[in-house]
2 protein chains.
Amino acid sequence: MVRPIRAALLAVGNELLSGRTRDVNLHFLGGSLNRWGLPLTEARVVRDDLEEIAAAVRELLLPGTLLVTTGGLGPTSDDITLEGIARALGLPLRDCPAAAGLITGRYSSLGEKVPEGALKQAVLPEGSVPVRNPAGVAPGVVLTALGGVLISLPGVPHEVRELFHSCLSVAGIVETGASGFHVRTWGIREGDLFNTLRPLQDKYGLSPAYLPSPGRVDLGFDGPGAPGFRDTVVSLLGRRVYSLEQDRTLEEVLGIELKSRGLVVATAESCTGGLVSAGLTGVPGASEWFAGGVSVYSNASKTRLLGIPEQLIRARGAVSGDVALAMALGVRDAFGADCGISVTGIAGPAGGTPEKPVGTVWIAACSGPRTVSGTWRFGGTRDTVRLAAVSSALGVLLQLLREDR
Amino acid sequence: MVRPIRAALLAVGNELLSGRTRDVNLHFLGGSLNRWGLPLTEARVVRDDLEEIAAAVRELLLPGTLLVTTGGLGPTSDDITLEGIARALGLPLRDCPAAAGLITGRYSSLGEKVPEGALKQAVLPEGSVPVRNPAGVAPGVVLTALGGVLISLPGVPHEVRELFHSCLSVAGIVETGASGFHVRTWGIREGDLFNTLRPLQDKYGLSPAYLPSPGRVDLGFDGPGAPGFRDTVVSLLGRRVYSLEQDRTLEEVLGIELKSRGLVVATAESCTGGLVSAGLTGVPGASEWFAGGVSVYSNASKTRLLGIPEQLIRARGAVSGDVALAMALGVRDAFGADCGISVTGIAGPAGGTPEKPVGTVWIAACSGPRTVSGTWRFGGTRDTVRLAAVSSALGVLLQLLREDR
C-alpha cells in the first residue's frame, strides 16, 4: 500500500449543516493529521444524501490522498455513508463477518442482546477492513481504492478520538516527524509563550505548532533542531513544563508524581465545582493516590464540611488567599490525605466586582508542612475560566511536589 | 434579485485545516441560515490558494444558492478570497470608493491613521456592494452572479456575527420561519429509540436526526409532521424526555426544576468523581439550587464524610443499591440540602467482576421522603461510562421530582 502524502476530510450529517450540532472533528483531525505528516488540504460537509456523499468521495479520494469520513455509520436510516462510498467506488455492499463479530461482541460484553437492526453496521463495501470501536458500536472502516486510502469513522467526537489511531495503524500509516518533540506547558498564555520563544525561533529557525486548551498549551516541534535546542526550550519555560510526552496529560503526570512518593491528595473546589476531582478520577487507578474531594459551593458548606471559620470568610471574602489555604488544609484533614488542592474564584458571567473581576481565582496547595497560595486571572467564558483554573490547580501542586526533591 | 432557496458555505484558511484554529462559523451560520429559511446544503474548507478558492466558488455558486465565504478579506498577502472570487466569476478587481470610505472612516473613528496596505481591503470584484463592518476593518461584500448571491465575510467569529445580518439585508433577503422541532432524551440507547420510533416514522414519513452523546440522545425533526405527531413522539418516550428546547441541557432543566420548587440538591459521587457536581456548577447561577458535593472515591471516605457504616459497605459492597441510597441520604444531611443524588460504580478499565462487570453503576436519588435506587449498565471506555452515568444520575432525580407533581 502506498503511503498517502495528504489528507481530505468528508463530514456527513444534516445536523452539522443546520446548526444543530457543532462539528469538532475537523479541528481534532486536522491537528492529528498534521502531526502524522498528512496535511489536510480540504474539508467538506455534506448532507445525509447518497448522491452528495458519492460525489464528494469521487472528488476527494485522489491518488496519494487519505480520505477520512466522519458520521453516518450508525444503524438508523439516515446512516448511509458506507452506501455512498460503495456507490462512488462501484463496489458491492457485503455482510462482513468480522464486523458482525465486533458488533455482537460489543453487546455481549454488556450482557445484552443484539438489537434489531444493529447488524446493518456490518454491511460494508467489498474489500473493507473493520476496526474495533472501543467507545461505541459501529466499527471503523479502512479501504484502499483509486490509489488512495479511505478511513470511515463514526461522527461522535469521543468515538473519533478513540478509533482514529487504530484505523491509521490498520491502514499501515505510521507517524512521521518522529524526529520532532513535544513540550506540554500549563499556566502560560499562548502569547507569552510565543514572545518567550521568539528569539530561539529566530536563532534556530524552528517554530512550533501551538495547541492551546484552557490553561495549557502544547508545543509541537517538527524536527529535533540543533543540538541542545530542546533543552534550551525546556529550561526557558522552567517549572511550567509538565511533560515532554505527547500523550501524557497533566492529571496523569500529577498522579505519577504522587504515586511515586506514596502520597494521597484531596481536593476542595468552589468555582470549579468538582472539575479538578473529575479530572483526577479520569485517570485509571486514581484510587491509589486520590482520596476524594468536596465541591463546597456555598459559604455554609465551606464551614460545615471543612471547618473554615465563618469569621474568616466574612473578613477576607470567600475568594481570598486565606480561605483558599484554609480549604486546602481543611480538605486534607477531612479525608486524612497527605496533600490538598483548593480553588475558589469567580467564574462568571455574574459575581464580579471592580476589585475581584470575573476570572479572578485563588488557588492553594499543601503537602506536608509546605503550603502555597496565589491569585490567578483567567479570561473567557465561564467554562474557559473553570477549565483554566483546573489546569493551574493541578500545576501548582505538581510544582510544589517537584520543588521538594 | 431572485431570493435564493438554499445556501452553501466556503471557509478559507490554512489554519482551519491544520488544527491551529477551531472553526466556529459553520455552526453559527448553519443555524442562522436555517432560521432564515435558507438551509445550508454543503460546506467546504479550502486553503489560502487562488485556484482552490476559485474552483470551490465555481462549484458552489449555483442558481438559487446563497454562497457565504468566510476568511481571507484582510490586508495580508495570504488574504486572497476576493481575488479567487473574481477569478471564478471572470470579473476584474476594482478600487471601490465606497469600501475605501468605510475603511478610512473606521480608522478615523478610532483616532488613528490608515495603516499602509489597509486599502487593499477596498479592492473588490466589479459589481460588489461593500457592507460596513461594525467589529473590524474589512467590509463585508455582497455580489449577485450566476443566478445566485455571494456574501463574503471576514473569518473572525465576532465579526461574522456582527456583519452577517447586515449583509443579508443588503442582499434583500428577509427571514422566514423554521418549522422543525427537537426532543431531547436521557437514559435510552440510540438503537432502542430507533426501534421505538420506527412505526411512527413509517406512518408519518418523518425521520429524525439522532444526535447521541453519552447517556443522552437528541432527536431533531426537520418539519412539524402531521397534527399530533410531536405529542405522539413525546408520549411514546415518556419520562425519558427532558426537554423540547434545542439549547436546553439536562443540567439546566434539572436546575430550573429545583429552583421552581425552592429545593437545593447535594451530590455524592464515587466512580464519576465529581462530574455530576462539575456539570451542575457549569450552569450560571447554580448556587441558588446546588449546595455542594463530595467525591468519595475510597470506602474510608464514604464512612468518614457521609457516615456510611463500614459494615454496610463490607456486607453489600461499595457498588450496591444500599450503599448508593446511603450516599444520597448521607450527602443530603451533610450539606443540609433538600435532595440528594449519588453514583457508585465500576468505570473500568479494571475492577470488574463476573457479577459486577465494568460499566455497572448504581444510582440513587432522594427528595423529601421519596427515594429511588437502581442499577445501570453502560458500555464503552472509562470516560463514556462516567459521562453516561452523569446523564442518568441527573435524569433519575429529574424524574423523581416530576413524578411528585
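Which residue takes a positive phi in the hairpin of strand 10 of chain B and strand 11 of chain B? Keep that one in mind, everyone, and I'll come back to it. Hello, and thanks for having me. One thing before we start: what you see above is a predicted model.

Let's begin with chain A as a whole. Chain A contains 14 helices and 17 strands. Along the principal axes, its C-alpha atoms fill a box of roughly 75 × 55 × 45 Å. Of the 405 residues in chain A, 53% count as buried. If you take the contacts in chain A with a separation of 6 or more, 68% of them come from residues 24 or more positions apart.

How is chain A divided up? The domain assignment gives domain 1 at 6-170, domain 2 at 181-243 and domain 3 at 250-403. Between the centres of domain 1 and domain 2 of chain A, taken over C-alpha atoms, there are 35 Å.

Now please look at the sheet that both chains build. It is an open sheet of twelve strands with mixed pairing. Reading across, the order is 6(A)-7(A)-8(A)-3(A)-1(A)-2(A)-2(B)-1(B)-3(B)-8(B)-7(B)-6(B). At the edges you find strand 6 (129-131) of chain A and strand 6 (129-131) of chain B, each pairing on one side only. On average, and ignoring direction, neighbouring strands of this sheet are turned by 15 degrees against each other.

Where do the two chains join in that sheet? Strand 2 of chain A, residues 40-46, pairs with strand 2 of chain B, also residues 40-46, in the antiparallel sense over five bridges. To find the spot on screen, look for Ala43(A), which stands opposite Val45(B).

Staying with chain A, strand 1 (residues 6-12) and strand 3 (residues 65-70) pair in the parallel sense over six bridges. One pair to click on is Arg6(A) and its bridge partner in strand 3, Thr65(A). Helix 3 of chain A, residues 50-60, packs on this sheet and touches strands 1, 2 and 3 of chain A. The direction of helix 3 makes about 170 degrees with that of strand 2 of chain A.

A little further along is helix 4 of chain A, residues 81-89. Its buried residues are Thr81(A), Leu82(A), Gly84(A), Ile85(A), Ala86(A) and Ala88(A). After helix 4 comes Gly90(A), with a positive phi near 65 degrees.

What about the contact between the chains overall? Here 67 residues of chain B are in contact with 69 residues of chain A. The side of chain B that touches chain A has 27 nonpolar, 29 polar and eleven charged residues.

On to the nonpolar cores. The largest has 128 residues, and those with the most contacts inside it are Val265(A), Ala389(A), Val265(B) and Ala389(B). A second, separate core has 107 residues, including Val57(A), Ile103(A), Cys167(A) and Ala122(B). Going back to Val265(A), and leaving out residues up to four places away in sequence, the residues it touches include Leu258(A), Trp289(A), Phe290(A), Cys339(A) and Leu397(A).

Next, a sheet of four strands in chain A. It is open, with antiparallel pairing, in the order 10-11-9-12. Strand 10 (209-213) and strand 12 (241-243) of chain A each have a single partner strand, so one side of each is left without a neighbour in the sheet. Here neighbouring strands are turned by 30 degrees against each other on average, direction ignored. Within this sheet, strand 9 (residues 181-186) and strand 11 (residues 216-221) of chain A run antiparallel over six bridges, and Arg184(A) stands opposite Asp218(A). Helix 8 of chain A, residues 229-237, packs on the sheet and touches strand 9 and strand 12 of chain A, with its direction at about 0 degrees to that of strand 9.

Finally, over to chain B and my opening question. Six bridges join strand 9 (residues 181-186) and strand 11 (residues 216-221) of chain B, which run antiparallel. Strand 10 of chain B, residues 209-213, pairs with strand 11 of chain B over five bridges, also in the antiparallel sense. Val217(B) is a nice landmark in strand 11: Thr185(B) has Val217(B) as its bridge partner, and Pro212(B) stands opposite Val217(B) too. The hairpin of strands 10 and 11 of chain B has two residues between the strands, and the residue I asked about is Gly215(B), whose positive phi is near 80 degrees. Thanks for listening!

How values were computed
Residues are numbered from 1 along each chain as its sequence is written. Chains are lettered from A and ligands numbered from 1 in the order in which they are written. This is a predicted model: local features need pLDDT of at least 70, side-chain atom pairs count only at pLDDT 80 or more; totals for chains, interfaces and linings use all residues. Domain bounds come from an automatic or database domain assignment. Two strands pair if DSSP finds at least two bridges between them. Two residues are in contact if their C-beta atoms, placed from the backbone, lie within 7 Å. Ala, Val, Leu, Ile, Met, Phe, Trp, Tyr, Cys and Pro count as nonpolar, Asp, Glu, Lys and Arg as charged, and the others, Gly among them, as polar. A nonpolar core is a set of buried Ala, Val, Leu, Ile, Met, Phe, Trp, Tyr and Cys residues joined through C-beta atoms within 7 Å. A residue is buried if 20 or more other C-beta atoms lie within 10 Å of its own, exposed if 12 or fewer, and partly exposed in between; C-beta atoms are placed from the backbone. Axes are lines fitted to C-alpha atoms, for helices over the stretch in contact, and angles run from 0 to 180 degrees between N-to-C directions.
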